[in-house]
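Me: Got a minute to go through a model with me? I'd like the overall picture, then any odd backbone spots.

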Amino acid sequence: LKQLKTVLKLFQPMQSLTREHVTPPSILHGQVRYPRQAAVLQPSAMSGSLNLRTCSNTLENMCLSINEKILRQCHLLYMDSECGLVHIASRLGLSLLAPRKKITIMLMGNHSAGKSSFINWYIEEHIQKTGVATETQGFTFITSGKKRESLTGKATLHLYPHFQALEQIRGLEVYLSTEISVSKQKMFNLVIFIDTPGLVDGDMTYEFDVDKALIQLGEQVDLIFVFFDPMGQALCKRTLNVVEKLNENQGDKLKFYLSKADEAGPETDRQRVMMQIVQELCKRPGLNKCGFDMPTIYIPDLDRPSRCVNQIQEVCATIEKTINRTVQNTLDQLEKDCGQIIKTAQQQLKESSEQNSKNRAAWIKRIFFSSTAVLVPLTLLTSFIISNTPRENLSDIMGEEVTQSLMIWAWIVCTTWNWLIGGSYLLGLIILIGFMVVSKLLSKCFCSTKPKLSRKERKRLQVNLDYVQTTLFQTKAQLQEMYLSQCVSEHDLS
């Protein structure tokens, strides 16, 4: 027994070491996945090369889709604290907006139209209350995260700064919230749903301007799903009024659906409801357009089979199409922003070089006129002293040859000066003072040099320019190839 205890004590440190360094496999959707060292591409700070940055959460990066990786990497290229495009553009006097890592979808319609039920079905989690009564009283953001959590209004606005304008709507902040889910179903990793209050006609009042809030949100989101309930509320005037206002500027985002189509009764009743909705929409000039489509959808239930055609998968296809378009637009915008930064940086370097040449020429002119204002009086004074000094004294000091040259030079200066003043010392004094004043004024005129970039600023700007021209364009090309690799064959990419 003593020997057995001794052996067990020896094995205990080895077991603790194993628990600390070996990560157990995780089970996702019935499949066992073993974690491995995952890394993502990250541009090194102005180095012109790509480094590998080890991710802290390797399991999370293993499960990321290609689209999610591309959007996250593009967001990092903009928001990096050292060499992000937003930081570089701010130094150049430009204003850039970082792309979002997810698309935003707003669901609107009358109360009990199935908005919350659709969200619960899409993420396969009962996160929103559903029922015949008006369950959703405010605006709820539903997003995917690391843990299940609920956020209040201030935290919601902090999480989504591009919706800060909602603070201006009186009384709305209290009715803002965020529900964070751990669901990874479908493409929920790349989607943010906004569940809106159900709209009702009549005397029902809201604590805030719900119409204004819907219009402001419609300007920021990527898609607007309008759900029409066939059970008596499909022709809600309040819903149609808001939809008509949104259609003025956001018509391409609007998607109409007849929800709860399985509860509309026989096919004839369902067709009658759709005709009534279309007729009501056609009465409004902004909504009367060709190519109008309104698929019938309902939440599938195995316990209640229905013969009604369910086009709910078309909603998922629309979401996926929007995500793909967002990825392409993000890559295109990355290239445009890089081009704008390159053009602005090159222009500033060129202007700084030209201004540097102008400043140098102005400095030379200023030195010339300033020295002229001093040298002319000194020349006259020197020639006067030489002319009135005995030749023998000068010869003893400077030698015969130098004295001869100085005497000739002094004679020329004195003769010229006497010819100019004509024997009038007053005129000579006026000319001398006037010449000095004019020279001083000319030197002042060339003194006003414009500011230019310092050597340090030019060097930093050139480093930023080289980084954008090499690293970012190379990264963009890699991300573009990564996106295309999921839809085309390898020989088409070569």
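Reply: Sure, here is the overall picture followed by two backbone angles. Keep in mind that this is a predicted model.

Me: How many helices and strands does the protein have?

Reply: There are 15 helices and 11 strands.

Me: And what share of the residues is buried?

Reply: Of the 494 residues in the protein, 38% are buried.

Me: How much accessible surface does the protein have, and what part belongs to carbon and sulfur atoms?

Reply: About 29200 Å² is accessible. Carbon and sulfur atoms hold 56% of that.

Me: Contacts next. Take those with a separation of 6 or more: what percentage joins residues 24 or more positions apart?

Reply: That comes to 73% of them.

Me: On to the backbone. What is phi at E124?

Reply: Near 55 degrees. That is a positive value, and E124 is not a glycine. Most residues other than glycine have a negative phi.

Me: Where is E124?

Reply: In a loop. Helix 5 (115-123) comes before that loop and strand 6 (139-144) comes after.

Me: Is E124 buried or exposed?

Reply: Exposed. E124 has a relative accessible area of 52%, and the cut-off for exposed is over 50%.

Me: What about phi of K186?

Reply: K186 also has a positive phi, near 50 degrees, and is likewise a residue other than glycine.

Me: Which elements flank the loop of K186?

Reply: Two strands: strand 8 (176-181) and strand 9 (191-195).

Me: Why does K186 count as partly exposed?

Reply: Because its relative accessibility is 37%, which falls between the 20% and 50% limits.

Note on methods:
Residues numbered from 1 in each chain as written. Predicted model: local features only at pLDDT ≥ 70, side-chain atom pairs only at ≥ 80, totals over all residues. Heavy atoms only, no water. Helix = DSSP H or I, 4+ residues; strand = E, 2+ residues; numbered from the N terminus. Buried < 20%, exposed > 50% of the residue type's maximum accessible area, 1.4 Å probe, protein only. Contact = heavy atoms within 4.5 Å. Areas by Shrake-Rupley, 256 points an atom, 1.4 Å probe, with all protein chains shown as cover.
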